[in-house]
Amino acid sequence: LLHPETIELGARAARAVGARLVGVDVVTADPGLPLAASGGCVLEVNTTPGFAFHYHGRPGGIDVARVVLERLAGS
């Protein structure tokens, strides 16, 4: 759902803090638009991201921890 420019901005934020795994929090009115076009912004970059919020008790949520571990393992 995220615009490719937002994904790239998140990747640049991760590189800026020098961490391999981060959580990038963004605020946007429309995730399909670039942040600048939607009036959005990068709110924070977390070097110890929490994953539970994304799937515990949320209909349609995904198991983010599983996706991250699978990608790190090369699955």
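Aspartate 30 has a relative accessible area of 34% and is therefore partly exposed, the range for this class lying between the 20% limit for buried residues and the 50% limit for exposed ones. In the predicted model, aspartate 30 belongs to the loop that joins strand 1 to helix 2. Its C-alpha atom lies 9.1 Å from that of histidine 3, although the two residues are 27 apart along the chain.

Glycine 32 is found in the loop between strand 1, which spans residues 23–27, and helix 2. Its relative accessibility is 38%, so glycine 32 also counts as partly exposed. When neighbours within four places in sequence are set aside, glycine 32 is in contact with Leu1 and His3. A separation of 9.7 Å is found between the C-alpha atoms of glycine 32 and glutamate 5, residues that stand 27 apart along the chain.

The overall fold can be described next. The protein contains 3 helices and 2 strands, and from the N terminus these elements follow the order α-β-α-β-α. Of the 75 residues in the protein, 19% are buried. Considering contacts between residues at least 6 apart in sequence, 40% join residues at least 24 apart.

Confidence in the prediction varies along the chain. The average pLDDT of the protein is 86, and 85% of the residues reach a score of at least 70. Among the elements, helix 2 (residues 35–38) has the highest confidence, at 94, while helix 3 (residues 64–73) has the lowest, at a mean of 83.

Threonine 6 is placed in helix 1. With a relative accessibility of 6%, threonine 6 counts as buried, because the limit for that class is under 20%. Apart from residues up to four places away in sequence, threonine 6 touches Val26, Leu33, Pro34 and Leu35. For one of these partners, leucine 35, the C-alpha separation from threonine 6 is 6.3 Å, across 29 residues of chain.

Threonine 6 also appears in the lining of the second largest pocket, together with Leu2, Ile7, Gly10, Ala11, Ala14, Arg15, Val22, Val24, Asp25 and Val26. The volume of this pocket is about 320 Å³. Helix 1, residues 4–17, and strand 1 each contribute at least two residues to the lining of the second largest pocket. Helix 1 provides the largest share, with 6 residues. By residue class, the lining of the second largest pocket is made up of 7 nonpolar, 2 polar and 2 charged residues.

Arginine 15, one of the residues lining the second largest pocket, also takes part in a salt bridge with glutamate 8. The closest N and O atoms of this pair are 3.0 Å apart, which meets the criterion because the cut-off is 4 Å. The count for the model comes to 1 salt bridge. The two partners fall into separate accessibility classes: glutamate 8, at 38% relative accessibility, counts as partly exposed, whereas arginine 15, at 54%, counts as exposed.

Phenylalanine 51 is located in the loop between strand 2, residues 41–46, and helix 3. Its relative accessibility of 22% means that phenylalanine 51 counts as partly exposed, since a buried residue must be under 20%. Beyond its neighbours within four places in sequence, phenylalanine 51 is in contact with Leu21, Val64, Ala65 and Val68. The C-alpha atoms of phenylalanine 51 and valine 68 are 9.7 Å apart in space, and the residues are 17 apart in sequence.

Key
Residues numbered from 1 in each chain as written. Predicted model: local features only at pLDDT ≥ 70, side-chain atom pairs only at ≥ 80, totals over all residues. Heavy atoms only, no water. pLDDT = per-residue confidence, 0-100. Helix = DSSP H or I, 4+ residues; strand = E, 2+ residues; numbered from the N terminus. Salt bridge = Lys/Arg side-chain N within 4 Å of Asp/Glu carboxyl O. Buried < 20%, exposed > 50% of the residue type's maximum accessible area, 1.4 Å probe, protein only. Contact = heavy atoms within 4.5 Å. 1 Å grid on protein atoms, 1.4 Å probe; cavity = no way out; pocket = protein on both sides within 12 Å on 5 of 7 lines; lining within 4 Å. Points joined across faces, edges and corners; volume = space filled by probe spheres on them. Nonpolar A, V, L, I, M, F, W, Y, C, P; charged D, E, K, R; others polar.
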